[in-house]
Amino acid sequence: MGAPNYKCPDMSPSSQIPTSVHAVKPADIKIVAALGDSLTAANGAGAPKEDAVAILLQYRGLAFQGGGDKGLDGHITLPNILRKFNPSIFGYANGVSASDVWEKAHLNLGFPGAESGDLIGQARQLVQLMQTHTEINLQNDWKLINIFIGGNDVCAECKDTLNNATGPHSAVQFGKHLRDTIQILYDHIPRTIISLTGMFNMKMLRMVDNGQIFCQGLHVFECPCESDKGFTDQQISDVCEGYMKAEQDIQDQGVFEKDDFTLVIQPFFEDDIIPPELPDGSIDLDFFAADCFHFSQFGHAAVSKYLWNNLMQPVGQKSRKANLSDYDFDISCPDPNCPFIRTTKNSQDCTKYFKPTKLY
């Protein structure tokens, strides 16, 4: 699913490089990066439906928050939309590769099996790459760093032997890992917007694989807790909602705010527990790879539209529910009254971030 006709009235960069993170237009972004798990690595996204082995392949060039394959005309991803504003943007991945193959992965550093604790290492790796590669001007380039994590934490939470309130995969630990990750980025990478894709309710997966014997068999290995019938739907929901609250607390506390750094949650997944459906009410498996777990190429494109539109919506007015059965809507353009990537502060008062026009 591409968007060959996407065009906005104003796709230009700012007349001068912004000094405030709250005055950054999409065309001002020079660097895009992605941290996360197998959904960021796009496992199985380009795999034929009949090839279960290909789910192991990381089609990271198709990834919704970090891929650049085919351009926007052929495939919708967040970087491909940004390339319409700035064709020279750098950092997106191409092709099929592991996260450590620089020539293909670039700054898409997500890898299969990653839990929230693994983000800390990904953040350190990102800092090192940005400090050493000549394509990146660490001090001056504006950067958009996308993070999506939590699925593998949920998949392991039911196995915790400690008190679940403080165990390795509890909301407490999840929040700590996120804060530690963002602290590393805050300390070492200036001119940065952190876009955190909100956690989704993984109870949905049980609805997707219901009656799908092949997928249910794979999920025993991919997500043991989803297959554990002793781990109830309500428990899954409670864990996911705990992660969502931990993310919201980090944004609300405002500890990662300074003139050239901010954190914004994109919450379009948070209220969604309804899987994509066909008109007859059956599950639309075209949204998923062959394992009914990872997104297909089509699924990545659909999620990209929701993510981008969330980026353009003011904090406090962002859509919190994605209708995954509906893909027929426009990719938003920046609001002419606030043409910046939306942050907590420019969502409250955007006028203070406009530069006055010089009169001659």
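The following exercises, each with a worked solution, concern a predicted model of a single chain.

**Exercise 1. Overall form**

Determine whether the radius of gyration of the chain agrees with that of a compact globule.

*Solution.* Begin with the length: the chain has 360 residues, and a compact globule with this number would have a radius of gyration near 21 Å. The chain has 20 Å, which agrees. Next, consider the extent along the principal axes, where the C-alpha atoms fill a box of roughly 70 × 45 × 40 Å. Then turn to burial: 58% of the residues count as buried. Finally, examine the contacts between residues at least 6 apart in sequence; 72% of these join residues at least 24 apart. The secondary structure of the chain comprises 13 helices and 4 strands.

**Exercise 2. Helix 7**

Compare the span of helix 7 with its expected value, and identify its buried residues.

*Solution.* Helix 7 covers residues 171-188, which makes 18 residues. At 1.5 Å a residue, a span of 26 Å is expected. From first C-alpha to last, helix 7 reaches 26 Å, close to that expectation. For the second part, the buried residues of helix 7 include Phe-174, His-177, Leu-178, Thr-181, Ile-182 and Leu-185. A general rule helps in reading such a list: an α-helix has 3.6 residues a turn, so residues three or four places apart point the same way.

**Exercise 3. The nonpolar cores**

State which residues touch the most other members of the largest nonpolar core, and which helix gives the core its largest share.

*Solution.* The largest core has 95 residues, and those with the most contacts to other members are Tyr-6, Leu-126, Leu-185, Met-202 and Trp-308. The largest share of this core, 8 residues, is supplied by helix 12 (residues 297-312). A second core, separate from it, has 7 residues, among them Ala-42, Ala-45, Leu-62 and Ala-63. To see the surroundings of one member, take Met-202: leaving aside residues up to four places away in sequence, Met-202 touches Gly-151, Val-154, Cys-155, Cys-223, Ile-236, Cys-240 and Phe-293.

**Exercise 4. Cysteines, paired and unpaired**

Decide for Cys-155, Cys-223 and Cys-240 which take part in a disulfide.

*Solution.* The cut-off needed here is that the sulfur atoms of a disulfide lie within 2.5 Å. The sulfur atoms of Cys-155 and Cys-223 are 2.0 Å apart, and a disulfide joins these two residues. Cys-155 lies in helix 6 and Cys-223 in the loop between helix 9 and helix 10, so the pair ties together parts 68 residues apart in sequence. The sulfur of Cys-240 is 9.1 Å from the closest cysteine sulfur, in Cys-155, and is therefore too far for a bond. Cys-240 is nevertheless buried, at 0% relative accessibility.

**Exercise 5. Handedness of two disulfides**

Establish whether the disulfides Cys-8 to Cys-333 and Cys-338 to Cys-350 are left-handed or right-handed.

*Solution.* For Cys-8 and Cys-333, the torsion about the S-S bond is about -90°, so this disulfide is left-handed. The pair links distant parts of the chain, 325 residues apart, with Cys-8 in the segment before strand 1 and Cys-333 in the loop between helix 12 and helix 13. Cys-8 is buried, with a relative accessible area of 6%, whereas Cys-333, at 28%, counts as partly exposed. For Cys-338 and Cys-350, the torsion is about 85°, so the disulfide is right-handed. Here the parts tied together are 12 residues apart in sequence, and both cysteines are buried.

Terms used:
Residues are numbered from 1 along each chain as its sequence is written. This is a predicted model: local features need pLDDT of at least 70, side-chain atom pairs count only at pLDDT 80 or more; totals for chains, interfaces and linings use all residues. Side-chain values use heavy atoms; hydrogens and water are left out. Helices (H or I, at least four residues) and strands (E, at least two) are DSSP runs, numbered from the N terminus. The expected span of a helix is 1.5 Å times one less than its number of residues. Buried means under 20% relative accessible area, exposed over 50%, partly exposed in between (1.4 Å probe, protein chains only). A nonpolar core is a set of buried Ala, Val, Leu, Ile, Met, Phe, Trp, Tyr and Cys residues joined through side-chain atoms within 4.5 Å. Contact means heavy atoms within 4.5 Å. The radius of gyration is taken over C-alpha atoms; the globule rule is 2.2 Å times the number of residues to the power 0.38.
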